[in-house]
Amino acid sequence: MRRLIGTVLAILGILVLSACAGLPVSGPVTAGRPVDEVRTGPEVRFFPDGPQPGATQEEIVEGFLLAGSGSSADWATARSFLAPAIQSSWDPSAGVAVVPTGEIVAQPAVDDTVKVILAPVASVDATGRYEPALGGTATLAFELIQVAGQWRISKAPDGIVLDESVFGTVFHRYSVMYFDTSWTYLVPDERWFPTTSAAVRITGALVDEQPSDWLAGAVSTAFTDDVTSVYSSVPQSAGTAQVELSAEALALQQLTIDRMATQLEASLATAGITEVELTVDGVPIAATPVQTRSTAVTGGPLVLTDEGFGFLSGSELTPIGGLSGAVVRSNPVAVQVGPDQESAAVRSADGSVARADVTDDVVVLDTRSGLRDPVIDARGYVWSIPARSPAALTAFGPGIESPLLSQSWAAAGATDVQAMSISRDGTRMAGVVRIGDRTELWLSGVIRDESDNRGVPARLGEPIVAGTIAGEAVSMVWTDDVTVAVVTRSGTETEIVEQVVGGTSSTIAGPAGASITTVATATSSIRLRSDDGGLYVRRGANWLQTAEGISLLAVQQGTPQQ
């Protein structure tokens, strides 16, 4: 079954009525809209008003929903709107429905029941996973009774509802860090937690829970099933967090403990914690974080000009020894260079896909018709797919050809793949696909066979929908570990959509008057190439043209280790 993130069913899944009552649904499914970029600045707390004397049933329900912004003391203000019998059983951590500003309006009470109809733009589930809504409405029903002459809620949905204008203040985005299956890279699994409990929620997600379903099999964790976090708090002192683990941690090998410390330290760093101390029964465990490889792209643009293929600095072009000549001889129209700069995936002018190597060799890998731009992963495999055959993604390595890796995409209804891009750690494949009359951005975990430590691609996991795309996708790239940029074209208009994996999206206009063909990563921004050979880089809200005469802009999958 196709997993549609953000449908109304996902919203309803987190808003279940207490006391085992069901959540009623009414109204037609309607088109959703994208969520604007969410603010994630310093912690700001809201202190909403509690129930007022003589408040009507409708005012009590609206006040309860608005009090979802006050997370202090485990949502004590929101609980004050509830009848004593359900104050302790109501679970605000069950999830969040994010709604447009001003939509929290109660309908008139009927038989001591008040309903609120919402059209969520996104949801966050109990584990902190963010899901954009693709459309739909949900009807929340609240039953009320009199308590000491005042109306109070006797039955309410678990979870909270937040206005999108305050969501990014009450909740921030944090990275729960895993390893890739070669234990080389750290891979972020983005979660949204209340700022008031970020450290304990991050720790619990990493130590006691599993990665997001779509990443299952694509990432590894050092935390074994029998090791748990002991306390429901993470004490902090001078930037150091103490994480108390169960006694089973003492039986682990030192490398495993070191990897655990690496994951925890990197995860909690996103909450402003600079150091982590692991303890068992209050006694520190010796642990040293292990070295991991960076996915950063540094240096100048990698381009093809009349002078050849190489890194452009001003008017100087510096070739990559051995590789540049092979790329030029492949007659390329698209190039993606591996992180060690020893090989590149090339789509040639005749439509075929080839590998260019630092040995100056060019090996044709795929001659099927209608091939999209190929990608190369961190393990050196070249991935190629025909636009009209969504199941036919194939990975090529030395002596290896792994076909039909994307059958899950075809099974989920994709009819056309407009573009694809693999994360620089090699764990996640992004694709812009057509399904029916929609264009969507999909994500899948990359499942590999590590039996011989070669990481041979085995298949893509079940896709999830990260967002919708307006227009046709021209080019796409991972700009960092959590963001995918897609160049879209609709008529003469070019836009760049930046989608955070497990978060929000934003859209910006391309350079005025330029028809963009390629997007690539810059050191702290993105670069674009226009069809007339212009090279652009973003500076703040503006596009600056930095070069002309660029025949091709290559995508870099990382930087060689020093």
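**Group meeting: a cavity, two sheets and a loop**

Good morning. I begin with the second largest cavity, whose lining consists of 14 residues; S93, V96, F171, P194 and R201 are the ones that lie nearest its centre. Please keep in mind throughout that this is a predicted model.

The volume of this second largest cavity is about 80 Å³. Which strands each supply at least two residues of its lining? They are β1, residues 95–99, β3, residues 122–125, and β9, residues 186–194. As to chemical character, the lining divides into nine nonpolar residues, three polar ones and two charged ones. The count of cavities of 30 Å³ or more comes to four.

Let me now turn to the protein as a whole. It has eight helices and 40 strands. Its radius of gyration is 26 Å, close to the 24 Å that the globule rule gives for 562 residues, and the protein is therefore as compact as a globular protein of that length. Along the principal axes, the C-alpha atoms fill a box of roughly 85 × 60 × 40 Å. Of the 562 residues, 56% are buried; the term buried means under 20% relative accessible area.

Next, I would like to describe two sheets. In one open sheet, three strands follow the order β2-β5-β6, with antiparallel pairing. Why is one side of β2 and of β6 left without a neighbour in the sheet? Strands β2 (113–118) and β6 (150–155) stand at the edges, and each has a single partner strand, so one side of each remains without a neighbour there. From one strand to the next, the twist averages 40 degrees.

We may follow this sheet strand by strand. Strand β5 covers residues 138–147, and six bridges pair it with β2 in the antiparallel sense. Two positions illustrate the pairing of β2 with β5. L118 stands opposite A138 in β5, and V116 has L140 of β5 as its bridge partner. On to the pairing of β5 with β6: these strands are also antiparallel, and five bridges connect them. Here the bridge partner of I145 is R152, in β6. How many residues lie between β5 and β6 in the hairpin that they form? There are two residues between them, and A148, in the turn, has a positive phi of about 55 degrees.

The other sheet that I wish to show is also open. It has four strands, in the order β17-β16-β15-β39, and the pairing is antiparallel. Its edge strands are β17, residues 316–319, and β39, residues 552–553, each of which pairs on one side only. Strand β15, residues 302–305, runs antiparallel to β39, and two bridges join them. On the β39 side, L552 is the bridge partner of L304.

Finally, I come to a single residue, D532. Where is D532 found? It is found in the loop between β36, residues 526–530, and β37, residues 535–539. Is D532 buried or exposed? D532 is exposed, because its relative accessible area is 61% and the cut-off for exposed is over 50%. In sequence, D532 and T517 are 15 residues apart, and in space they are 9.4 Å apart from C-alpha to C-alpha.

With that residue I conclude my presentation. Thank you for your attention.

Note on methods:
Residues are numbered from 1 along each chain as its sequence is written. This is a predicted model: local features need pLDDT of at least 70, side-chain atom pairs count only at pLDDT 80 or more; totals for chains, interfaces and linings use all residues. Side-chain values use heavy atoms; hydrogens and water are left out. On a 1 Å grid over the protein atoms alone, a cavity is a set of points where a 1.4 Å probe fits but cannot get out, and a pocket is an open set with protein on both sides within 12 Å along at least five of seven lines; lining residues have an atom within 4 Å of a point. Grid points are joined across faces, edges and corners, and a volume is the space filled by probe spheres set on the points. Ala, Val, Leu, Ile, Met, Phe, Trp, Tyr, Cys and Pro count as nonpolar, Asp, Glu, Lys and Arg as charged, and the others, Gly among them, as polar. Two strands pair if DSSP finds at least two bridges between them. Axes are lines fitted to C-alpha atoms, for helices over the stretch in contact, and angles run from 0 to 180 degrees between N-to-C directions. The radius of gyration is taken over C-alpha atoms; the globule rule is 2.2 Å times the number of residues to the power 0.38. Buried means under 20% relative accessible area, exposed over 50%, partly exposed in between (1.4 Å probe, protein chains only).
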